[in-house]
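Please look over the sequence and the three-dimensional model below before reading on. The paragraphs that follow move from the whole chain to its strands, then to its helices, and finally to a few unusual places in the backbone.

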Amino acid sequence: MKKISCFMTCSVEELASRTMEGLQATGLVEEIHTIESPYSSQLLKQMAAQAQAPYTLLYTKQTVLQLGMFALERMMHVMDDSEASMIYADHYQIKEGKQMAAPVIDYQPGSLRDDFDFGSVLLFNTAKLKEAAARMTADYRFAGLYDLRLKLSQKGSLVHMNEYLYSEVELDTRKSGEKMFDYVDPKNRDRQIEMEQACTQHLKEIGGYLEPHFEPIAFEKGDFAFEASVIIPVRNRIRTIRDAIRSVLSQKTDFKFNLIIIDNHSTDGTTEAIDEFKQDERLIHLIPERNDLGIGGCWNLGVHHPLCGKFAIQLDSDDVYKDENTLTTMVRAFYEQNCAMVVGTYMMTDFNMNMIAPGIIDHKEWTPENGRNNALRINGLGAPRAFYTPVLREVKVPNTSYGEDYALGLNFSRKYQIGRVYDVVYLCRRWDDNSDASLDINKMNAHNLYKDRIRTWELQARIALNKKRNQ
C-alpha cells in the first residue's frame with residue numbers, strides 16, 4: 001500500500017515533525033525526504049532521481065501541512081483516472097488562526113505565469129516526473145519548479161481537483177493590491193531573468209516562440225485632425241478625476257491633442273466635476289447611451305469617435321502624468337521606434353503622490369528582442385499605454401474591466417514592435433478605492449482565469465502563425 005515518495009522543504013524541526021507524522025499516518029508513504037528548496041533545478045532533479053514509489057508528493061511550504069480525510073487516496077485515484085502528470089487541489093489556509101477557503105483555478109496552455117497558484121501540495125506521476133526532469137537542461141536557482149511544470153505540461157496534463165483536500169498555514173496576509181507588484185519589484189530581477197529564460201525555452205519547444213521580426217508602420221492611415229488623444233474611462237472617481245484632467249490639459253506639445261473622457265454613468269459628482277472644464281475645447285465629454293460597457297467598451301467608444309487622434313494614450317482616472325512632457329515623449333517614441341504601441345515607465349505613489357514601494361516600475365522585460373514572448377509570462381504591461389489608432393480600431397478592445405489592456409498588448413505584439421519609454425512619465429496612485437486594492441479570492445481567481453484564457457488564445461494564434469510560416 002505504500003505508494004508515495006514524499007519531499008518537503010520545512011526546515012523548522014517541530015513543524016517538519018508534525019507534517020511528517022501526518023504523512024506517515026496515512027499508511028501510504030514509502031519514504032520522506034527534506035530538500036532545501038523546491039525552486040532549484042538541481043534539487044528537483046535529485047528529487048526525481050530519488051523517488052522510488054509510483055507517486056511523488058512535493059510539499060513546498062515551511063509551515064505545518066494538515067491532510068484532509070483520505071486526501072492522498074483521492075488524489076491518486078483521480079491521477080489514475082485522468083492519466084495526469086500532476087495533480088493539485090483546492091484547500092484551506094489558516095490565516096491568523098482562522099480557516100479560510102483557498103480555491104485555485106484550472107491549468108490551461110496559457111497558464112504561463114510563473115506565479116500560478118497550485119497550492120503547496122503537488123502530486124506527480126513518478127514516471128512522468130522522471131521523464132520531464134530528464135529534459136531539464138538549465139540549472140536554475142529560482143525557476144526550477146517553473147521549468148519542471150512547463151516540461152510536464154508539454155506531454156501531459158496538470159489536473160486541478162475542485163475538492164478541499166488539505167489545510168496549510170499561510171503567513172502572507174497582505175491585501176491583493178500589495179501583492180500584485182511583487183514580480184516587478186527591482187529586488188526580484190534575478191529571479192525574473194531566470195523565469196523569462198525558462199518560459200522562452202518552453203515557447204520554442206511547443207512552437208509558440210516568435211522571432212524578433214516586426215511589420216513596419218507607415219503612420220499614413222486615416223485623416224486625423226489631432227495627433228494624439230488621451231482616453232480616460234471613468235465611473236465614480238470624484239476624488240481623483242480633476243487631477244487627471246489637469247495633468248492632461250497642462251501638457252506642452254508642438255502638435256494638436258485632445259482629451260476624450262468616457263463618463264460611464266457616474267453618480268457621485270464625477271460628471272459635474274468633468275463639466276467644470278467644459279470651457280476648454282480640447283475636452284470631449286462622452287456619456288454612453290449604452291449601459292453594458294466595461295472599461296474596454298468605453299475605450300472603443302472613445303477610439304472610434306471621429307475626433308480621436310492618430311495616437312490614443314491611456315490615463316486611468318485614478319492617476320496623473322508625471323509632468324507636462326508626457327504626451328510629447330510618448331508620441332515621439334512611435335516615430336523613433338516605428339511601433340504600433342508604446343509602453344511607458346511609471347512610479348508607484350500614495351494618494352498624495354509620494355513614492356511608495358516598489359517605486360519605479362520600468363518593465364525592462366519588454367525588450368525588442370524578446371518582449372513579445374516574455375509578455376505571455378508576465379501579468380502586466382506598464383503605463384501609460386499608447387496605441388496607433390488605426391490598428392487599435394481594427395483590433396478593438398475587449399469589453400471587460402480587467403485585462404483588456406493586457407489582451408491588446410499581446411495582440412499588438414504578435415505583429416508589431418512594442419516601443420518602450422524608460423523615463424518615468426506616469427504616476428500610479430495606490431489607495432483603498434483602487435479596483436484591485438483588496439480583492440477576495442474568488443474575484444482574484446476570476447481575473448487570473450481570464451488572463452490565462454487570453455494567453456491561451458494568443459498562444460494558439462502564435463503556434464498557428466508559425467505553422468503557416470513554416471509550410
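What is shown here is a predicted model, and a sensible place to begin is with the protein as a whole. The protein contains 15 helices and 17 strands, and its C-alpha atoms fill a box of roughly 80 × 55 × 40 Å along the principal axes. For 471 residues, a compact globule would be expected to have a radius of gyration near 23 Å, and the 25 Å of this protein agrees with that expectation. Of the 471 residues, 57% count as buried, while the surface that remains exposed comes to about 20,900 Å², with carbon and sulfur atoms supplying 49% of it. If we take contacts between residues at least 6 apart in sequence, 80% of them join residues at least 24 apart. The charges can be described in a similar way: the mean positions of the 56 positive and 66 negative charges are 3 Å apart.

Turning to the strands, we can follow how β8, residues 158-169, pairs with two others. With β4, residues 65-67, strand β8 pairs in the antiparallel sense over 3 bridges, and within this pairing glutamine 66 has serine 167 as its bridge partner. With β5, residues 86-95, strand β8 runs parallel, and 8 bridges join the two; here the bridge partner of glutamine 93 is glutamate 168. Strand β5 is also joined by 5 bridges to β6, residues 98-102, and these two run antiparallel, with histidine 91 bridged to alanine 102. Strands β5 and β6 form a hairpin with 2 residues between them, in which glutamate 96 takes a positive phi near 50 degrees.

Among the helices, α14, residues 404-415, is largely enclosed by the rest of the structure, because 9 of its 12 residues are buried. The buried residues of α14 include Tyr406, Leu408, Leu410 and Phe412, and Asp405 is also one of them. Apart from its neighbours within four places in sequence, aspartate 405 is in contact with Leu381 and Arg385, and its C-alpha atom is separated by 8.0 Å from that of glycine 296, although the two residues are 109 apart along the chain. Helix α8, residues 241-249, has buried residues as well, among them Ile241, Ala244, Ile245 and Val248, and what covers the buried residues of α8 includes the strands β9, β10, β11 and β13 together with helix α9.

The last stop is the backbone itself, where a general expectation is helpful: most residues other than glycine have a negative phi, and most peptide bonds are trans. Where, then, are cis peptide bonds found in this model? One joins alanine 357 and proline 358, with omega about 5 degrees, and proline 358 is found in strand β15, residues 355-361. Another joins alanine 383 and proline 384, with omega about -5 degrees, and proline 384 lies in the loop between α12 and β16.

Positive phi values can be followed in the same manner. Phenylalanine 70, which is not a glycine, has a positive phi of about 55 degrees and is found in the loop between β4 and α3. Histidine 363 has a positive phi near 45 degrees, and its place is in the loop between β15 and α12. Is each of these two residues buried or exposed? Phenylalanine 70 is exposed, with a relative accessible area of 57%, whereas histidine 363, at 2% relative accessibility, counts as buried.

Technical notes. Residues are numbered from 1 along each chain as its sequence is written. This is a predicted model: local features need pLDDT of at least 70, side-chain atom pairs count only at pLDDT 80 or more; totals for chains, interfaces and linings use all residues. Side-chain values use heavy atoms; hydrogens and water are left out. Two strands pair if DSSP finds at least two bridges between them. Helices (H or I, at least four residues) and strands (E, at least two) are DSSP runs, numbered from the N terminus. The radius of gyration is taken over C-alpha atoms; the globule rule is 2.2 Å times the number of residues to the power 0.38. Buried means under 20% relative accessible area, exposed over 50%, partly exposed in between (1.4 Å probe, protein chains only). Contact means heavy atoms within 4.5 Å. Accessible areas come from the Shrake-Rupley method with a 1.4 Å probe; for residues, only the protein chains shown count as cover. Lys and Arg count as positive and Asp and Glu as negative; His and the chain ends are not counted. The place of a charge is taken as NZ of Lys, CZ of Arg, CG of Asp or CD of Glu.
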